[in-house]
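Dear colleague,

Please find the structure we spoke about below, with the sequence alongside. My notes on the spaces inside it and on two of its helix contacts follow, and I would be glad if you read them with the model open.

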Amino acid sequence: MNFNKTIYLSAALALALTSCSTQKNKLPNLSTLQPIENADHLPTRKSNLSEEDLQRWSHLDIINDTIPGMSVDRAYAEIIKDKVGNKVIVAVIDSGIEIDHEDLKPQIYNKNTSKANKKKNKKSIYKDDIHGWNFLGKSNAENLEMTRIVKKGDDGSETYKRAKAELDEKIAELKPLQDRLVVLETANETIVKHLGKEVYTTEDLEAIVETAPENVLEAKKVMYALYKAGRTNAYLADFKNYISSQMDSHLNVNFNGRAVVGDNPYDINDINYGDNDVMGDRDHAKHGTHVAGIIAQTRGNGLGGDGVASEVTEIMSLRAVPDGDEYDKDIALAIRYAADNGAKVINGSFGKYFSQNNEWVQDAIKYAASKDVLIVVAAGNDALDLNPSTGDVERYPNDRNLNAPKEFADNFLVVGALNPKFGEGMVANFSNFGNKDVDVFAPGVKIYATTPYGKYEYLQGTSMASPNVAGVAALIRSYYPNLTAAQVKQIIMDSGVSVKQEVIVSGDKDDKRNFQEISTSGKFVNAYNALILADKVSRGK
């Protein structure tokens with residue numbers, strides 16, 4: 001990000017002076033509150049979090065709890081209290097959302113009753129789009145983008161050559177994993193047959209006597225090592241699913257997941273497709289349901305975790321992210337749909353490293369900016385420096401063309417992931433980073449939220465960090481609706497907690513960078529600080 005921050009903030013304050021209103025839901029003057037400016041003086045926490053605290057660690061406070069939480073609880077206790085905010089529509093572009101989940105149902109957007117969507121889009125081509133839209137239809141599995149490029153054939157381009165090389169490499173990497181899966185499945189079947197039960201424990205394995213048949217003892221050795229590493233039968237099922245999805249669809253040039261949708265994914269004008277089933281296959285809605293829960297699962301109801309902004313949020317579900325790489329067309333149309341139907345914040349927990357129609361998405365981002373919509377996206381989970389000294393890594397979607405000095409939009413916020421610990425190990429070992437293409441960091445490991453069939457789970461990824469920040473953005477837009485999307489982005493960045501310590505990146509203990517140097521802001525997001533700064537900007541101070 002290349003701009004003069006002083007000039008930017010001066011312009012932002014000037015705009016606030018002219019646009020500031022006296023809306024009835026505005027929070028009281030927060031000038032007496034002191035933000036948390038720096039965390040360098042804090043010690044590294046020695047004790048483990050209780051299970052209760054771990055389930056909501058992203059809401060805890062860096063000062064009181066010495067973990068890099070977002071001080072959400074403190075913001076509610078000291079700032080929001082019982083104040084009623086304006087409703088804000090947050091569009092979640094994802095795999096689908098279980099809209100009948102008990103902890104999400106009250107916050108699901110309904111086009112017919114939404115108070116936040118005052119301007120109904122009467123000209124919409126989307127029939128019966130009550131809760132959003134499903135751009136995938138009945139499709140679930142998909143190719144990766146590099147597979148699609150290779151599938152089209154060699155056009156002599158550098159893009160094709162890179163895609164082919166990476167596809168071949170990915171397939172080669174799977175071979176030893178497939179061999180490992182065969183060993184594990186064989187061992188598991190042997191143990192199941194010996195014990196006479198499908199599900200067993202470490203204690204069951206330990207109880208197998210040394211006089212057991214040789215094949216059983218060998219199987220015991222394999223499965224015991226797996227179990228001691230914390231990987232049980234559920235891990236084996238996930239491992240098998242991973243291998244299957246890679247070989248059957250992600251990397252398979254003969255697979256066509258789009259056939260059931262009925263459109264041409266490479267024609268941006270072919271827009272009459274999809275349906276209003278915003279959940280889709282419930283078994284494939286886990287990711288989107290979890291993301292939605294981080295933002296909007298009901299606070300204080302004794303169920304699961306708490307959402308960052310459940311009191312003020314209406315969640316719009318835009319199903320556009322399959323099991324595989326998303327199509328640029330779907331993402332572009334989903335962003336435009338959100339902007340046209342009243343969303344003020346969009347969360348995008350997806351991304352890829354190849355794009356055939358990135359210009360469609362970039363145009364949609366600019367369109368959202370013209371509609372005053374903030375887009376919050378995940379930085380990616382490949383432990384990459386997106387801005388290495390040897391040249392940039394192109395990740396999509398983005399708001400900066402490769403090697404361009406400036407961002408083309410001011411409404412696009414990119415989020416990296418943090419661990420529930422403060423100090424050199426605070427950055428998630430999988431999180432991408434970059435001093436130009438990653439704006440801030442936020443909690444993204446062991447995040448507890450809603451999943452399908454009315455359940456809750458811990459999941460991790462920058463996919464979880466992004467909705468944490470989208471929730472903070474929703475709070476700001478709720479209580480300070482006079483602020484623009486660009487102002488909200490800058491407030492979130494400027495109000496973060498500064499850290500000037502060295503941290504481990506890429507999961508490599510020998511690769512340490514100053515936290516200031518791995519994102520544009522050099523900070524991690526703090527809801528308490530953000531509301532204090534929003535109040536100042538809103539009042540023109």
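The second largest cavity of this predicted model is lined by Glu326, Asp328, Ile331, Phe350, Lys352, Ser355, Asn358, Val361, Tyr396 and Pro397, and the space within it comes to about 60 Å³. Helix H11 (328-340) and helix H12 (358-370) each contribute at least two residues to that lining, which by class holds 5 nonpolar, 2 polar and 3 charged residues.

The search of the whole structure that found this cavity gave 5 cavities of 30 Å³ or more, and the largest of them encloses about 140 Å³. Its lining is made up of 16 residues, and those nearest the centre are Arg395, Pro397, Asn398, Val414 and Asp437; you will recognise Pro397 from the lining of the second largest cavity. Strand E5 (374-378) and strand E6 (412-418) each supply at least two residues to the lining of the largest cavity, where the residues divide into 10 nonpolar, 2 polar and 4 charged.

The loop between E5 and E6 also holds Asp392. Is Asp392 buried or exposed? With a relative accessible area of 17%, Asp392 falls under the 20% cut-off and is therefore counted as buried. Asp392 is separated from Gly434 by 42 residues in sequence, while the C-alpha atoms of the two are 9.3 Å apart in space.

Turning to the pockets, I looked at the second largest one, which has a volume of about 690 Å³. It is lined by 29 residues, among which Lys87, Ala116, Lys118, Gly342 and Lys344 are the closest to its centre. Two or more lining residues come from each of helix H4 (72-80), strand E1 (88-94), helix H11, strand E4 (343-348) and helix H13 (462-479), with H13 giving the largest share, 3 residues. By class, the lining of this pocket has 13 nonpolar, 4 polar and 12 charged residues, and H11, which contributes to this pocket, also contributes to the lining of the second largest cavity.

The remaining notes concern helix H6 (residues 158-195), whose axis comes within 10 Å of that of helix H9 (residues 233-250), the two crossing at roughly 145°. This crossing is left-handed. On the H6 side the contact is formed by Leu174, Leu177, Gln178, Arg180, Leu181, Leu184, Glu185 and Asn188, and on the H9 side by Asn233, Leu236, Phe239, Lys240, Tyr242, Ile243, Gln246 and Met247. Sorted by class, the residues of this contact are 9 nonpolar, 4 polar and 3 charged.

H6 also meets helix H5 (residues 145-152), and here the axes come within 9 Å and cross at roughly 115°, again in a left-handed crossing. H5 brings Met146, Thr147, Ile149 and Val150 to the contact, and H6 brings Thr159, Tyr160, Ala163, Lys164, Glu166, Leu167 and Lys170. The residues of the contact of H5 with H6 comprise 6 nonpolar, 2 polar and 3 charged.

With best wishes

Methods:
Residues numbered from 1 in each chain as written. Predicted model: local features only at pLDDT ≥ 70, side-chain atom pairs only at ≥ 80, totals over all residues. Heavy atoms only, no water. Axes fitted to C-alpha atoms, helices over the stretch in contact; angles between N-to-C directions. Helix = DSSP H or I, 4+ residues; strand = E, 2+ residues; numbered from the N terminus. Left-handed = near helix turned anticlockwise from the far one by under 90°. Contact = heavy atoms within 4.5 Å. Nonpolar A, V, L, I, M, F, W, Y, C, P; charged D, E, K, R; others polar. 1 Å grid on protein atoms, 1.4 Å probe; cavity = no way out; pocket = protein on both sides within 12 Å on 5 of 7 lines; lining within 4 Å. Points joined across faces, edges and corners; volume = space filled by probe spheres on them. Buried < 20%, exposed > 50% of the residue type's maximum accessible area, 1.4 Å probe, protein only.
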